[in-house]
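Me: I am new to this structure and should be grateful for a close look at a single part of it, namely the charged side chains and their surroundings. Please set that part within the chain as a whole.

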Amino acid sequence: GKGFGGKGKGKGKRGPSGPDLPRTRITTEPVTGEVEAWKGKYGFIRPTVPVDHPMAQQRDGKIYVSMSDLVSGITELTPGALCQFHIFSDPSGLGAEEVLGS
């Protein structure tokens with residue numbers, strides 16, 4: 001594919017990760033969930049309704065969220081709080097984007 005120059009980079013890494021992987025959105029409407037953990041620049045959300053997707057069980061049903069996917073000027077999520085978001089899949093699993101905190 002295009003844009004994957006630089007042979008030999010990334011050796012020894014455990015599979016693809018990070019916020020720059022190609023994404024495929026799997027939700028058409030925003031869904032809700034509860035913030036399970038927040039670790040500075042990223043965290044995990046447990047969706048209110050379990051996600052029907054082959055990769056949904058990879059992280060015990062939790063959805064990864066990066067600080068770069070928070071909207072409305074928020075920079076962190078509070079564990080236990082409800083939030084609203086879209087779900088995408090990328091090579092590393094499921095993630096949340098356009099995340100609105102409560």
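Reply: A residue is called buried when its relative accessible area is under 20%, exposed when that area is over 50%, and partly exposed in between. These words recur below, and they apply here to a predicted model.

The setting comes first. The protein chain has six strands and zero helices, so that its pattern along the sequence, by DSSP runs, is β-β-β-β-β-β. Of the 102 residues in the protein chain, 32% are buried. Among the contacts with a separation of 6 or more, 64% are between residues 24 or more positions apart. The accessible surface of the chain is about 6700 Å², and carbon and sulfur atoms account for 52% of that surface.

The charged side chains may now be considered. Seven salt bridges are found in the whole structure. One of them joins E97 to R23, with 3.1 Å from N to O. This pair connects distant parts of the chain, since E97 belongs to strand β6 and R23 to the segment before β1 (24-25), 74 residues apart. The two partners differ in their cover: E97 has a relative accessible area of 12% and is therefore buried, whereas R23, at 30%, counts as partly exposed because this value falls between the two limits. Both residues also belong to a network of salt bridges that links R23, R25, D69, E97 and E98.

R23 is also a point of reference for D90, which is located in strand β5 (residues 82-90). D90 is buried and yet has no salt bridge. R23 is the nearest side chain of opposite charge, but it is 5.0 Å away, and a salt bridge requires a side-chain nitrogen of Lys or Arg within 4 Å of a carboxyl oxygen of Asp or Glu. The side chain of D90 instead reaches a backbone atom, the nitrogen of S92, at 2.8 Å.

A further group of charges centres on R46. The side chain of R46 forms a salt bridge with that of E36, at 3.2 Å from N to O. R46 is in strand β3 (residues 42-47) and E36 in strand β2, so this bridge ties together parts of the chain that are ten residues apart in sequence. R46 is partly exposed, at 30% relative accessibility, and E36 is likewise partly exposed, at 37%. R46 also meets the side chain of D60 in a salt bridge of 3.4 Å from N to O. D60 lies in the loop between β3 and β4, 14 residues from R46. With a relative accessible area of 49%, D60 too counts as partly exposed.

The nonpolar side chains complete the picture. In soluble globular proteins, nonpolar side chains tend to be buried together. Here the largest nonpolar core has 15 residues, and those with the most contacts inside it are I45, I63, V65, L77, F85, A96 and V99. Two or more residues of this core come from each of β2 (31-38), β4 (63-66), β5 and β6 (93-100). Strand β5 thus contains D90 and also contributes to the core; strand β6 contains E97 and contributes as well. V99 illustrates how the core meets its surroundings: beyond its neighbours within four places in sequence, its contacts include I45, V65, L77 and F85, together with D69. D69 is one of the residues in the salt-bridge network described above.

Note on methods
Residues are numbered from 1 along each chain as its sequence is written. This is a predicted model: local features need pLDDT of at least 70, side-chain atom pairs count only at pLDDT 80 or more; totals for chains, interfaces and linings use all residues. Side-chain values use heavy atoms; hydrogens and water are left out. Helices (H or I, at least four residues) and strands (E, at least two) are DSSP runs, numbered from the N terminus. Buried means under 20% relative accessible area, exposed over 50%, partly exposed in between (1.4 Å probe, protein chains only). Lys and Arg count as positive and Asp and Glu as negative; His and the chain ends are not counted. A polar contact is a pair of N or O atoms within 3.5 Å; within protein, one must be able to donate a hydrogen and the other to accept it, and residues adjacent in sequence count only if both atoms are side-chain atoms. Contact means heavy atoms within 4.5 Å. Accessible areas come from the Shrake-Rupley method with a 1.4 Å probe; for residues, only the protein chains shown count as cover. A nonpolar core is a set of buried Ala, Val, Leu, Ile, Met, Phe, Trp, Tyr and Cys residues joined through side-chain atoms within 4.5 Å.
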